Amino acid sequence: MIITRALQQFVIFFASQRNTIAITGRSYPQHCKTRLCQELCRCCRGMIEWFTILLAMVLAAWAPTGQAVGANLNLTAMPWHAYIGAGCSVRTAPSDAGTRSYIFNCNGKSEAFPHISLQNTGPRDWRGFNRLLLKMRLISTDTGIRAGGEHVTVCLYDGNYRHENLPGDPPVQQVVGNFKLCTGGWQTLKLNLNGVARSNVLGIDVYVYEMPYAYPHMFEVQIAQAILTGPNADQICFDSHVFSVNALHGESGRSVGTLKTADGLDLQIGSMGGVRRWLINGAAFGTGRRQPSGFMLRDAAADSPPIMVGGRVVAKGRRIVQEGVVKKLGLKLHAVYTVKGDMITVRGKVTNLRGGTRAVTVYFGIPVNLLNWRWDEGLEKPTHPFRYIHAIPSLEEVVTGYPVCALSTTGAGLAMGIRLDQPTVYRFVINPHQHLLYIAFNFALLDGMRWNKKPLSSARFSFIIYRCNPQWGLRSALERYYHFFPQFFVNHVARGGGWDFPFGRAQAKQTSKQLLAGGYRFDWGVFRKDARWNHDHGALNLLYIEPEFLQLSMGYFQKPTYQEAMNFFMALIHGNNDAWAKFMKLPYTKGHCGHFWSKQYSGMELRSFLTALLKAARTSGMYSANGKLILGIHTAPWLGENGVGTMIPCDLNPNIPDGLGKFDYYHCMLPNARAFEHTMGFPADGFALDSFDSTPNDYCQAHFQYSKFPLSFNPRTDEPMIPATFSTVQWLKWLSPMCHQHHEILMTNIDDQNVTFSAPYIDVFANESPVVSRPVLLRVLAYHRPITYLPYSNQPKAGVQYNLLWDDYPGRGIKLSVLAPMVPVLDKLYQAGWEPVTWAHSTYPAICIERYGHGDICYLSLYNPTDNTVQAQINVDWSRLGIQRSSVRMIYPKKQYLSQHGNGFAITMQSRETTVVYLR
């Protein structure tokens, strides 16, 4: 143990040697003066990097990983337990040997998401496993369950991936599977574990959502298998798939040309389509002459390994063009590399030559030399995957959600990114064993034509490659991305602030002074009686609509089946008077199913309006993989009567003839805006889009032809689909210019799970939740735009303070005594604007630091996530911040000047507290 610790310290020492200066583009220790000394140092640096990574491999091999490499792990026999809410019950049932069986008895009211849970006796390292195999069966005599099945979600918890903004820092609920479990025979599911943290696994939950069965019922869930699988010793893992060790092969060929950016990145492309090598300021950090790289294609349905495209590669001036056909796969690829200033842009198109429906993955890989690379899975989550190259040969680490990724080591930082205006199902992956950084795209290619006469058999994509500062990794990559694509982050809102619903504002019974002191700035679904006060006091009047969903009230049903709900829906569309007589009496029908109606400005009577709305929802309604219209039968208090209704998710693509996308705007939003201005004498400030970015994947084939963006496929079944939210993105891209032309903003109540490609068109990011669930990612996507959440009730200190770190405004629920001193600080941070690179470090590593502004207006926001009072030195690069150092003043939680020491200042921070300082 003593020897191991000594070696670990030795590795850490060499990996941390960064006391360097730049000489002719290379980094050398400060004592190097001569060219000979510099070149010797360059060789030594390479030897140190090699020694460091090899030694780390040895140490990783000794380290306990909680598993045997290449062995499956059977979880079925481990201790599982079932849970359900108060007033309900669950019991085990006799079953065959090795099968676990649980009977849930639900009352339709108080059950709290029934689930079956496996809790490890101690943390386990599961990175060597890339799949979870589940074999499950659902049994029930209930007619509703037999018709609709149960919605199952599988979640994994890792002790190293926790919510810093929730009390107790609970582990994040990482979803690894989401599927419909039907009654009848056994279902076997293969769930992908790539992309989730699993180095310190605490347990697994299998949630069996009894909703939408809001009445007493029983069902039985049986689990026959729960097995973790990974590659054997003679296999490799690539993109979470397991292939034989010799399955991936290729070479780059002779050099065809080099793509050179203005800031010193050289990417050399070979005649066989591979990346021969890439250099920064003349030093090579990746060499791939005899390994697969560049463009590769894979037939996902055949589960075959990827094949390098090759073909004809030609340099044309500052461009390189590649055209290749992989005959074995029946696929063609065309790609163009272009240098634009400091970035390399790659645009491509893949085409199916065989006909039929294809599930295809396109890869572009960049070789990386065996060095001590840092991989940023998030702004606060750096990892060093190459240290585990021997202990976990199947290890791959994945980034999604972020528009960029970053890989860095001493002297080199490399970033890849996608465009936010070109939605694709993508992922950035680092594969240490293959020495490869790659981006992957999933496409479904079909016969037929799109509405714009372009073939569905082709899919277009693009990405960028550029340098980033290795000291700052992903933060630097984001800083440059904002510079490359400012059009994705335009801020149309002059203020940040909190939000509330009109009925919430009425319930709070706050005075005007209290509303202003609490930062009330966004009135969500404004009442006309409040609009004048809002207009005079700087609160924005936002007109409500739930655009993606039709909520169909079914109050006279007690326990509707899918078919009964569908029959009622169609009876209304076909004008059945008995159905309409019942429907028009229901409270939520009088609320126009969440869609505004104006007789004056829509030109329709109420029944005509509702009929047109229902027909538009029928046309745009999304389909599940079983080919049926999705009817989310549920209960909700706002529906009135007994609260029973159906929620139909809709494809808002404005290209769908007579669809809900254009109906929402022309018959609901525009008439509402005109009615508001006619009544108030001044225009509304924009629209409040509720339940946003919450739609599922759409399997309706009639919608495929209208999608401007590439189709994708279900990775478990290979079925083609429109990925979740892509149709909404297309609607937003059409809608936002019209709104901004009239000085109207779009505020969305989002679940922040699928917001990546919607982000360029959202003006205010709102969460109807106690905290912002993923504040880091949301701030990255919002950049300088406002973020606000609605807690409803007072929240623990940790949540409020952590959201202050990210300049997220709380709405109603937080005590005014907490809000009043915080709001002016939030306003200062908002006006200064968040920036990803902080140019500041803490001597106490746990301290989180964020920067707002630059130069004369510059703030640092610091959060102490520990349970202890902390004293730290914050070292600042004053010149990078454009500051002539004169003073450091704390402005929150109290006002005082801080003493300066060396290159920074000293600070004392209380537990779970954010401190904001003003630098000038």
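**View 1. Helix H18 of the predicted model, a 17-residue helix covering residues 816-832.** In this predicted model, the distance from the first C-alpha of H18 to its last is 24 Å, close to the 24 Å expected at 1.5 Å a residue. The helix nevertheless bends by about 35° at methionine 822, with proline 824 following within four residues. The buried residues of H18 are Leu819, Met822, Val823, Val825, Leu826, Leu829, Tyr830 and Ala832, so that methionine 822, where the bend is placed, is itself among the buried positions. Just after the helix comes glycine 833, which takes a positive phi of about 90°.

**View 2. The one cavity of 30 Å³ or more that a search of the whole structure finds.** This largest cavity has a volume of about 30 Å³, and the residues that line it are Arg779, Tyr783, His784, Arg785, Asp807, Leu829, Tyr830, Gly833, Trp834 and Tyr852. Two of these lining residues, Leu829 and Tyr830, also appear among the buried residues of H18, while the lining residue Gly833 is the glycine with positive phi just after that helix. Sorted by class, the lining comprises five nonpolar, two polar and three charged residues.

**View 3. The second largest pocket, with a volume of about 600 Å³.** The pocket is lined by 21 residues, of which Lys454, Ala459, Arg460, Phe461 and Lys708 are the closest to its centre. Strands S24 (331-340), S25 (343-352) and S34 (458-467) each supply at least two residues of the lining, and S34 gives the most, with five residues. By class, the lining of this pocket holds seven nonpolar, six polar and eight charged residues.

**View 4. Cysteine 88 and cysteine 155, in a structure where the search finds zero disulfides.** A disulfide is a covalent bond between the sulfur atoms of two cysteines. For cysteine 88, the closest cysteine sulfur is that of cysteine 106, and because the two sulfurs are 5.5 Å apart, they are too far for a bond, the cut-off for a disulfide being a pair of cysteine sulfur atoms within 2.5 Å. Cysteine 155 is likewise in no disulfide, and its nearest cysteine sulfur, also that of cysteine 106, is 18 Å away. Cysteine 88 counts as buried because its relative accessibility is 16%, which is under the 20% limit, and cysteine 155, at 1% relative accessibility, counts as buried too.

Methods:
Residues are numbered from 1 along each chain as its sequence is written. This is a predicted model: local features need pLDDT of at least 70, side-chain atom pairs count only at pLDDT 80 or more; totals for chains, interfaces and linings use all residues. Side-chain values use heavy atoms; hydrogens and water are left out. Buried means under 20% relative accessible area, exposed over 50%, partly exposed in between (1.4 Å probe, protein chains only). The expected span of a helix is 1.5 Å times one less than its number of residues. The bend at a residue is the angle between axes fitted to the seven residues ending there and the seven starting there. On a 1 Å grid over the protein atoms alone, a cavity is a set of points where a 1.4 Å probe fits but cannot get out, and a pocket is an open set with protein on both sides within 12 Å along at least five of seven lines; lining residues have an atom within 4 Å of a point. Grid points are joined across faces, edges and corners, and a volume is the space filled by probe spheres set on the points. Ala, Val, Leu, Ile, Met, Phe, Trp, Tyr, Cys and Pro count as nonpolar, Asp, Glu, Lys and Arg as charged, and the others, Gly among them, as polar.
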